[in-house]
Amino acid sequence: MIYSTLGKTGRKVSRIGFGGATAGLKNYTGEFDPQQKKDRDSVVAAIRRAYELGINYFDTAAEYGDGASEQIFEEGLSGIPTEEIFLATKASPAEPKKMRASLERSLKNLKRDYVDLIQIHGSYLSPQVGKEIFRSGGILEELKKAKDEGLVKHLGFSIECQNEVLYELIRCQEFDVMQIEYNLLFQHPYDPFFHCGSLYDAEEAKLGIVNMRTVTSGIFQKWLGWVNPGNTFDYNAALIQFVLSNPLIDVSLLGMRDVDIVEKNVATCNDLSGRIDLARLHERYL
């Protein structure tokens, strides 16, 4: 397994991480039910195999199946020493006390005394949510209290949009990790031609950078199926290699529901011959 340093956390983490959305959400990017024992057992086996192959970054969230993903992660990670993994979860940006209650419930689901990272769980973080994060007595202060109490080691946020709230979160210097959507289809955070985008800002602020939707959540594959129905090529490895080629990405999250997928993704991660020069890719002249 190839590793990187997760920004200012200083932690050594695997270049690919085990994403928890597909472990908790019913029929997300494929048929799956977290309440069915067969489906749960398959993910548990995948988690254990991922750890055996060197994956040490595991990312889940309270909202993935109303705690189902966290419970499956607990089973899969049971018996593994806490210090050998980097365990992250998320809480939706509700009022501060609800954030605290969500964290406490997550710790109960995961059967851990602490998590390495708690993230504000965001898709679109509106200006109103931004005010709730930064106001006196707001969400950020509540998260810092949890950190002071030893319930979490690091603070982070996840976001799928590029707006002013994102840049406020980067600039404030209170967060350690940014999780952001970045893939072949959604390249907005990183433009090597003009050397701009939120990935550059996060890197300058020394945040650890984690990307979600590495293989586009099936959107790229769906598009190809529409324009070329007879194409049976598996593009997953190429999509993973595209993201791993980005020098600013520390961890690329992948949803993995069975052992075979884990082994394929680890092989792709370890195959350095598949990396590309993104700067050259974006050149517009011969």
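1. Helices and strands here are DSSP runs, with at least four residues for a helix and at least two for a strand, numbered from the N terminus. On that footing, the protein chain in this predicted model has 12 helices and 10 strands. I use those element names throughout, so that you can follow along in the viewer.

2. A word on overall form. For 286 residues, a compact globule would have a radius of gyration near 19 Å, and the 18 Å of the protein chain agrees with this. The C-alpha trace spans about 55 × 45 × 35 Å along its principal axes. Of the 286 residues, 52% count as buried. As for the fold's wiring, take the contacts between residues at least 6 apart in sequence: 75% of them join residues at least 24 apart.

3. Next, surface and charge. The protein chain exposes about 13300 Å², and carbon and sulfur atoms supply 51% of that area. There are 33 positive and 40 negative side chains, and the centres of the two sets lie 2 Å apart. The structure holds 15 salt bridges, and a few of them deserve a closer look.

4. Start with Lys97 and Glu142, whose side chains meet in a salt bridge at 3.9 Å, N to O. Lys97 lies in helix H4 (residues 96–110) and Glu142 in helix H6 (residues 139–148), so this pair ties together parts that are 45 residues apart in sequence. If you set a distance filter of your own, note that the cut-off used here is 4 Å. Are the two partners buried or exposed? Lys97 is exposed, with a relative accessible area of 58%, whereas Glu142 is buried, at 6%.

5. Helix H4 also supplies Arg100, whose side chain forms a salt bridge with that of Glu149 at 2.7 Å, N to O. Glu149 sits in the loop between H6 and strand E7 (152–159) while Arg100 is in H4, so the pair ties together parts that are 49 residues apart in sequence. Arg100 has a relative accessible area of 17% and is buried, since the limit for that class is under 20%.

6. Helix H6 takes part in another bridge, through Lys144. The side chains of Glu174 and Lys144 meet at 3.4 Å, N to O. This links distant parts of the chain, 30 residues apart: Glu174 is in the loop between helix H7 (164–171) and strand E8 (177–181), and Lys144 is in helix H6. Both partners fall in the partly exposed class, with Glu174 at 30% relative accessibility and Lys144 at 33%. Elsewhere, Arg49, Glu52 and Glu263 are joined into one network by salt bridges that share partners.

7. Helix H3 (residues 68–77) is worth turning around on screen. How many of its 10 residues are buried? Eight are, so the helix is mostly covered. The buried set consists of Ala68, Ser69, Glu70, Ile72, Phe73, Glu74, Gly76 and Leu77. In an α-helix there are 3.6 residues a turn, so residues three or four places apart point the same way. What covers the buried residues of H3? The cover includes strands E3 (16–19), E4 (57–59) and E5 (86–91), together with helices H1 (21–24), H2 (37–52) and H4. Just after H3, Gly79 takes a positive phi of about 90 degrees.

8. For a look at the interior, try Ile240, placed in helix H10 (residues 236–244). Ile240 is buried, with a relative accessible area of 2%. Leaving out residues up to four places away in sequence, Ile240 touches Thr214, Val215, Leu254, Asn265 and Thr268. The C-alpha atoms of Ile240 and Arg275 are separated by 9.3 Å, with the two positions 35 residues apart along the chain.

9. Finally, two backbone points to inspect. Most residues other than glycine have a negative phi, and most peptide bonds are trans. Asp66 has a positive phi of about 50 degrees although it is not a glycine. Asp66 is placed in the loop between E4 and H3 and is exposed, with a relative accessible area of 53%. Ser217, also not a glycine, has a positive phi of about 55 degrees. Ser217 is found in the loop between strand E9 (208–212) and helix H9 (219–227), and at 23% relative accessibility Ser217 counts as partly exposed.

Technical notes: Residues are numbered from 1 along each chain as its sequence is written. This is a predicted model: local features need pLDDT of at least 70, side-chain atom pairs count only at pLDDT 80 or more; totals for chains, interfaces and linings use all residues. Side-chain values use heavy atoms; hydrogens and water are left out. The radius of gyration is taken over C-alpha atoms; the globule rule is 2.2 Å times the number of residues to the power 0.38. Buried means under 20% relative accessible area, exposed over 50%, partly exposed in between (1.4 Å probe, protein chains only). Contact means heavy atoms within 4.5 Å. Accessible areas come from the Shrake-Rupley method with a 1.4 Å probe; for residues, only the protein chains shown count as cover. Lys and Arg count as positive and Asp and Glu as negative; His and the chain ends are not counted. The place of a charge is taken as NZ of Lys, CZ of Arg, CG of Asp or CD of Glu.
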